[in-house]
Amino acid sequence: MKLIDPIVRFHADIQQIRRDIHAHPELCFEEHRTSEIVAQKLQEWGIPVVRGLGGTGVVGIIKHGDSPRAIGLRADMDALPMQEINTFAHTSQHAGKMHACGHDGHTAMLLGAAHYLSQHRDFDGTVYVIFQPAEEGGGGARRMIEDGLFEKYPMEAVFGMHNWPGVAVGTFGVTAGPMMASSNEFEVIVKGKGAHAAQPHKGIDPIIAAIQIAQSWQTIVSRNANPLESAVLSVTQIHSGSATNVIPDDATLIGTVRTFSTEMLDMVERRMRTIAEHTAAAFDAEVDFRFKRNYPPLINHAKETAFATEVMRAVVGHDKVEAQVEPTMGAEDFAFMLQAKPGCYVFIGNGEGEHRDIGHGLGPCNLHNPSYDFNDDLLPIGATYWVRLAESYLKKTAPDVI
Ligand code: NI
């Protein structure tokens, strides 16, 4: 592994920042303390800072030379609404809030890189370090884009990174094309007509219609989707009724749809609506069909992925980079940035769990688990990757020979 010495020497400082953020988790768009720390540190290191994009977002601007070229490096800052059960010194001090996805570590790795880049500036152009709010369901990336991130700070490409538990420290995973799924939710209300359960002929039973709809939806993935492509349609809640002798007025179906392409998503939504409306009609019922698209699929661009892969290989070694990592049905709002700009999102191995409290679960701890902790061993690896990526992307051109 070829880590950058000054970054390794700065490890203790960055780790202290990481643990402080971990101990003070803040939820979507409430990252006031966290963004204050980020902005203060960047300014302390001589980096001009812009605040307020997407609410609590922070952009640091690190320039060198006259080149108009620019690159964006992005980290997320928000925590999750869940209770931490770790007992180490930096455990969450805010009840019901926890950095269980490692965004504290993502923020710290990018700070480590910014610190080095501000001191060395071995590149020609501008590095924008982007600290976004509200990745966990709030669409903070989209909010920053709507606030003019890419118009105010034009950049050629943008890059993201997420820690990945259960994968060895010192390794990376990436793939060109779809790497994470689109995330969507639906709520479909089947409207019938309530009646006495002993007199079903006087009502329209919404429960029977809802069951038929849920069953028929399962044919969308098995019969309508191309078998070589992936999609998930899960009905996760059915709500109806309140008594054993009453046929209710309505029944509600709630759930999630995941796909790796917008075309597949369009098809699934269209078929769901057709099946719901026509099945309901067959029972003389009606439907109120609500389908909400949250995050689009995360699609890595081929050229930038090849570029990032070479940088990762130069840092950790050729055989430590899985260049065709299995995509995940999880979702990530960096997908919005990759819709707006070319770029690449990578996984950095978070280890098998040895770094956590002893006695808190066995083996690697998953993201969004109450025993999770970001592995501080990653800090210099991730920061080195960010620096080498920026330096190679904005490589200095050789001076003219006179
Ligand atoms: Ni996350």
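**Figure 1. Charged side chains across the predicted model.** The protein chain carries 34 positive and 49 negative side chains, and the centres of these two sets lie 2 Å apart. The structure shown is a predicted model, in which the protein chain exposes about 17,400 Å², with carbon and sulfur atoms supplying 51% of that area.

**Figure 2. Overall fold of the protein chain.** The protein chain is built with 11 helices and 16 strands, and its C-alpha atoms fill a box of roughly 95 × 50 × 40 Å along the principal axes. Of its 402 residues, 54% count as buried. Where contacts link residues at least 6 apart in sequence, 81% of them join residues at least 24 apart.

**Figure 3. The nickel site.** The nickel ion is coordinated by SG of Cys101, NE2 of His103 and NE2 of His162, at 2.1 to 2.2 Å. Along the chain, the donors of the nickel ion follow the spacing C-x1-H-x58-H. Of these coordinating residues, Cys101 and His103 are both buried.

**Figure 4. Helix α4 and the residue that follows it.** Helix α4 covers residues 103–120, and residue His103 is also one of those that coordinate the nickel ion. The 18 residues of α4 reach 26 Å from the first C-alpha to the last, which is close to the 26 Å expected at 1.5 Å a residue. Because 16 of these 18 residues are buried, helix α4 is largely enclosed by the rest of the structure. Just after α4, Arg121 takes a positive phi of about 45°.

Definitions and conventions:
Residues are numbered from 1 along each chain as its sequence is written. This is a predicted model: local features need pLDDT of at least 70, side-chain atom pairs count only at pLDDT 80 or more; totals for chains, interfaces and linings use all residues. Side-chain values use heavy atoms; hydrogens and water are left out. Helices (H or I, at least four residues) and strands (E, at least two) are DSSP runs, numbered from the N terminus. Buried means under 20% relative accessible area, exposed over 50%, partly exposed in between (1.4 Å probe, protein chains only). Contact means heavy atoms within 4.5 Å. Accessible areas come from the Shrake-Rupley method with a 1.4 Å probe; for residues, only the protein chains shown count as cover. Lys and Arg count as positive and Asp and Glu as negative; His and the chain ends are not counted. The place of a charge is taken as NZ of Lys, CZ of Arg, CG of Asp or CD of Glu. Donors are N, O and S atoms within 2.8 Å of the metal (3.2 Å for Na, K and Ca); water is not among the atoms, so sites may look incomplete. The expected span of a helix is 1.5 Å times one less than its number of residues.
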